[in-house]
Amino acid sequence: GVGLLLDIKQSPVLDKLQVVRLTEKHNAVRDVIVGPRNLEDLRVFRSINPNLRTLGFIQGVGDIEPFVHAGVDIIRLWPEWIRADPGLLTKVHQLGKPVWTTTGEAPRAELQELIGLGVDGILSDLPAVMNELLGSLR
């Protein structure tokens, strides 16, 4: 029941084909999310296996539409982008994609705020706090 998110850093030595083949070998294509940081890597992963789930670790809000048009499944927005322009969540949702955010060790109140704003997923370094928060929201 545990999924795996691979944060793909730009690297001239990363064997993207091998990454995909390993997920296929272990029947984990739907359990692994590949997180490319640029369009070229996204396109390579999509061309190797279009069923592989992808999360766009975009570098700026101007990357939203290019990543969506390239076939990304999920868009990551930083919390400060969401707070500065709550319309970004609506924009990504209107493009048909869920929004995840990265919070590090953000406290419970910040996590709760982001859930209230409408994010679909949170990458947190505090899984116990997230688990407790989600339990209280159910």
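## Arg-76 and its surroundings

The charged end of Arg-76 sits over the ring of Trp-78, at 4.0 Å from the ring's centre. Everything described here comes from a predicted model. Arg-76 itself belongs to strand β4, which covers residues 74-76. Which side chain makes a polar contact with the side chain of Arg-76? The partner is Thr-102, at 3.2 Å.

Arg-76 is buried, yet it has no salt bridge. Its nearest side chain of opposite charge is that of Asp-7, 6.8 Å away, while a salt bridge needs a nitrogen and an oxygen within 4 Å. Leaving aside residues up to four places away in sequence, Arg-76 touches a set of neighbours that includes the tryptophans Trp-81 and Trp-100. Also among them are Arg-37, Leu-55, Gly-56, Phe-57 and Ile-58, along with Thr-101 and Thr-102.

## Another charge over a ring

Arg-37, one of the residues touched by Arg-76, has a ring partner too. The charged end of Arg-37 sits over the ring of Phe-57, 4.8 Å from the centre of that ring. Arg-37 is also linked with Asp-7 and Lys-9 in a network of salt bridges. Asp-7 is the residue met above as the nearest opposite charge to Arg-76.

And how many aromatic pairs are there in the whole structure? A search finds 0.

## Two buried residues in helix α2

Helix α2 runs over residues 39-48, and Asp-41 is found in it. Is Asp-41 buried or exposed? With a relative accessible area of 7%, Asp-41 is buried, because values under 20% count as buried. The side chain of Asp-41 is joined to that of Lys-16 by a polar contact of 3.3 Å. Beyond residues up to four places away in sequence, Asp-41 touches Ile-8, Gln-10, Lys-16 and Pro-36.

Leu-42 has its place in helix α2 as well. Its relative accessibility is 0%, so Leu-42 counts as buried. With residues up to four places away in sequence set aside, Leu-42 touches Pro-36, Thr-54, Phe-67, Ala-70 and Val-72. Pro-36 is thus a residue that Leu-42 touches and that Asp-41 touches. If you would like a sense of distance across the model, take the C-alpha atoms of Leu-42 and Ile-115: they are separated by 27 Å, and the two residues are 73 apart along the chain.

## Salt bridges between helices

How many salt bridges does the structure hold? The count comes to 9. One of them joins the side chains of Glu-65 and Lys-91, with an N to O distance of 3.4 Å. Glu-65 lies in helix α3 (residues 64-69) and Lys-91 in helix α5 (residues 87-94), so this pair ties together parts that are 26 residues apart in sequence. Glu-65 is partly exposed, with a relative accessible area of 34%, and Lys-91 counts as partly exposed at 30%.

Next come Glu-113 and Arg-83, whose closest N and O atoms are 3.2 Å apart in a salt bridge. Because Glu-113 lies in helix α6 (residues 108-117) and Arg-83 in helix α4 (residues 79-84), the pair ties together parts that are 30 residues apart in sequence. Glu-113 counts as partly exposed at 35% relative accessibility, and Arg-83 is partly exposed with 36%. Helix α6 also takes part in a link to helix α7 (residues 127-137). There, Glu-132 forms a salt bridge with Arg-108, with the closest N and O atoms 2.7 Å apart. These two link distant parts of the chain, as Glu-132 in helix α7 and Arg-108 in helix α6 are 24 residues apart. Glu-132 counts as partly exposed at 41%, and Arg-108 is partly exposed at 30%.

## A positive phi in a loop

Finally, take a look at Asn-27. Where is Asn-27 placed? Its place is in the loop between α1 (16-25) and β2 (32-35). The relative accessible area of Asn-27 is 69%, so Asn-27 is exposed.

The backbone deserves a glance here too. Most residues other than glycine have a negative phi. The phi of Asn-27, however, is near 50°, a positive value in a residue other than glycine.

Conventions. Residues are numbered from 1 along each chain as its sequence is written. This is a predicted model: local features need pLDDT of at least 70, side-chain atom pairs count only at pLDDT 80 or more; totals for chains, interfaces and linings use all residues. Side-chain values use heavy atoms; hydrogens and water are left out. Helices (H or I, at least four residues) and strands (E, at least two) are DSSP runs, numbered from the N terminus. Buried means under 20% relative accessible area, exposed over 50%, partly exposed in between (1.4 Å probe, protein chains only). Lys and Arg count as positive and Asp and Glu as negative; His and the chain ends are not counted. A polar contact is a pair of N or O atoms within 3.5 Å; within protein, one must be able to donate a hydrogen and the other to accept it, and residues adjacent in sequence count only if both atoms are side-chain atoms. Contact means heavy atoms within 4.5 Å. Rings of Phe, Tyr and Trp (its six-membered ring) pair if their centres lie within 6.5 Å; planes under 30 degrees apart count as stacked, over 60 as edge-to-face and the rest as tilted. A charge sits over a ring if NZ of Lys or CZ of Arg is within 6 Å of the ring centre and within 35 degrees of the ring normal.
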